[in-house]
Amino acid sequence: MGAEKQVALVTGASSGIGRATAAKLAEQGFQVIAAARRMERLEQLAREVKGIIPRQVDLADPEDVENFCRYIGELDDPVGVLVNNAGYSIRGALEDVIIDAARRLYQVNVFSLMRVTQACLPGMRKMRKGTVVNLSSVVGKLAFPLSGVYASTKYAVEGITDALRVEVRPFGIRVVAIRPGFIATEFNEVGNEMTGNLMERTDPEYQALYAASGAAVGKLFVDATVPGPDLIGDIIVEAVLSENPKAVYWGGFMSEEWLQARAGKNDEEFSRYLAETTGLHDLKV
Ligand SMILES: NC(=O)c1ccc[n+]([C@@H]2O[C@H](COP(=O)([O-])OP(=O)(O)OC[C@H]3O[C@@H](n4cnc5c(N)ncnc54)[C@H](OP(=O)(O)O)[C@@H]3O)[C@@H](O)[C@H]2O)c1
């Protein structure tokens, strides 16, 4: 598929994977609508890279999402490439998750992704071509303990992506899931901020779990090289430019190991493996 000034829309383009992807698509000749809340970051990107159109949207605010969808519907040239990238995480054992925080997380990671996709599909159907790229995660296929609610949003993204891929294939629209492992972006920092002080609100009984899991997961990162967002940006551009993109791509620290472990084990075996790897298997409280 050639670029020929096609319109691409990248959500979450003010930082990390989205920023890298928006820049790379613009360098390939796409007109890139770069959307996020932090307008000054988007304007900075537009100054650095030709072909970026900054657009502010708060994907946690359903009314703002509707305004954004109206804007998408009224574009002279419809969006041909949609990269649903905006997202964040919250952590915590299920008992420690504040339900309103989970609702907001679902709004950004799942409902707004659905809604923005709905807004782009009519234009793609009319053109009989288009590409939808959904940022899932390794945790779209396996859920780490003490972080299950975030994983559940990515399981939802996987389900939506799998069905959509088959639904819109007859219109010539391709749908791709991306499953990053750990990638060095602002993701962790934002996750900490959105989670708040877990240790202050958790029942003391859980503290042993957080400590054991923190130590086990920390070990994985000793001497690790965690790649930056360009790795995933390059994968997304490869998928977009490919005549025949794969259904799923992955990349990043531990992505291969975790996804292979999940695919190669039955549910029983994988649950044990996960408990062992995250330091919780032999824990008794
Ligand atoms: N980094 C990783 O290790 C990793 C691994 C697997 C999957 N992922 C997924 O990859 C995607 C990108 O993450 P990243 O690592 O690049 O994180 P990041 O650097 O924190 O970037 C997240 C982007 O999402 C945008 N965003 C967050 N809340 C938003 C809201 N309410 N409205 C509009 N935009 C919003 C942010 O923009 P504003 O704050 O300016 O609004 C920012 O541009 C996410 O879906 C994430 O779940 C990341």
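**Close-up 1. Asp223 in a loop of the predicted model.** This view, like those that follow, comes from a predicted model. Asp223 counts as exposed, with 77% relative accessibility. The residue sits in the loop between α8 (207-220) and α9 (230-241). Asp223 is not a glycine, yet its phi is positive, at about 60°.

**Close-up 2. Met254, a buried loop residue with positive phi.** Met254 lies in the loop between β7 (248-251) and α10 (255-264). Its phi is positive, about 70°, although Met254 is not a glycine. Met254 has a relative accessible area of 14%. That value puts Met254 in the buried class, because buried means under 20%.

**Close-up 3. The ligand and its shell.** The shell around the ligand holds 30 residues. Ser14, Ser15, Arg37, Tyr150 and Thr185 come nearest. By class, 15 residues of the shell are nonpolar, 10 are polar and five are charged. Three helices each supply at least two shell residues: α1 (16-27), α5 (148-168) and α6 (187-195).

**Close-up 4. Polar contacts of the ligand.** A side-chain N or O atom of Ser15 is 2.5 Å from an oxygen atom of the ligand. At Asn85 the partner is a polar backbone atom, 2.8 Å from a ligand oxygen. At Lys154 the side chain again supplies an N or O atom, here 3.0 Å from an oxygen atom of the ligand. Taken alone, the ligand exposes 880 Å², and the protein buries 96% of that area.

**Close-up 5. Strand β1, covered on both faces.** Strand β1 spans residues 7-11, and five of its five residues are buried. Which residues lie on each side of β1? Val7, Leu9 and Thr11 lie on one side, and Ala8 and Val10 on the other. In a regular strand, side chains alternate between the two faces of the sheet.

**Close-up 6. The pairing partners of β1.** β1 pairs with strand β2 (residues 31-36) in the parallel sense, over five bridges. Val10 stands opposite Ala34 in β2. β1 also pairs with β4 in the parallel sense, over four bridges. In β4, Val83 stands opposite Val10. Helix α1 joins β1 and β2 in a right-handed β-α-β unit. Helix α1 also supplies at least two residues to the ligand shell.

**Close-up 7. Strand β5, largely enclosed.** Why is β5 described as largely enclosed by the rest of the structure? Six of the six residues of this strand, residues 130-135, are buried, so the rest of the structure largely encloses β5. Gly130, Val132 and Asn134 point one way from the strand. Thr131, Val133 and Leu135 point the other way.

**Close-up 8. β5 with β4.** Strand β4 covers residues 79-84 and pairs with β5 in the parallel sense, over four bridges. Val81 stands opposite Thr131 of β5. Together, β4, helix α4 (residues 99-127) and β5 make a right-handed β-α-β unit.

**Close-up 9. β5 with β6.** Strand β6 (residues 173-180) and β5 pair in the parallel sense, over six bridges. Val175 of β6 is the bridge partner of Val132. From β5 the chain crosses through α5 to β6. This β-α-β crossover is right-handed.

**Close-up 10. Two buried residues of helix α5, Ala151 and Arg165.** Ala151 is found in helix α5. Is Ala151 buried or exposed? Ala151 is buried, with a relative accessible area of 1%. Ala151 and Ile90 are 61 residues apart in sequence. In space they are 9.5 Å apart, C-alpha to C-alpha. Arg165 also has its place in α5. Arg165 counts as buried at 19% relative accessibility, because the buried class holds values under 20%. A polar atom of the Arg165 side chain lies 3.0 Å from the backbone oxygen of Ala247.

How values were computed
Residues numbered from 1 in each chain as written. Predicted model: local features only at pLDDT ≥ 70, side-chain atom pairs only at ≥ 80, totals over all residues. Heavy atoms only, no water. Near = heavy atom within 4 Å. Polar contact = N/O pair within 3.5 Å; in protein donor to acceptor, adjacent residues only side chain to side chain. Areas by Shrake-Rupley, 256 points an atom, 1.4 Å probe, with all protein chains shown as cover. Nonpolar A, V, L, I, M, F, W, Y, C, P; charged D, E, K, R; others polar. Buried < 20%, exposed > 50% of the residue type's maximum accessible area, 1.4 Å probe, protein only. Pairing = 2+ DSSP bridges. Right-handed = clockwise from strand over helix to strand, strands pointing away.
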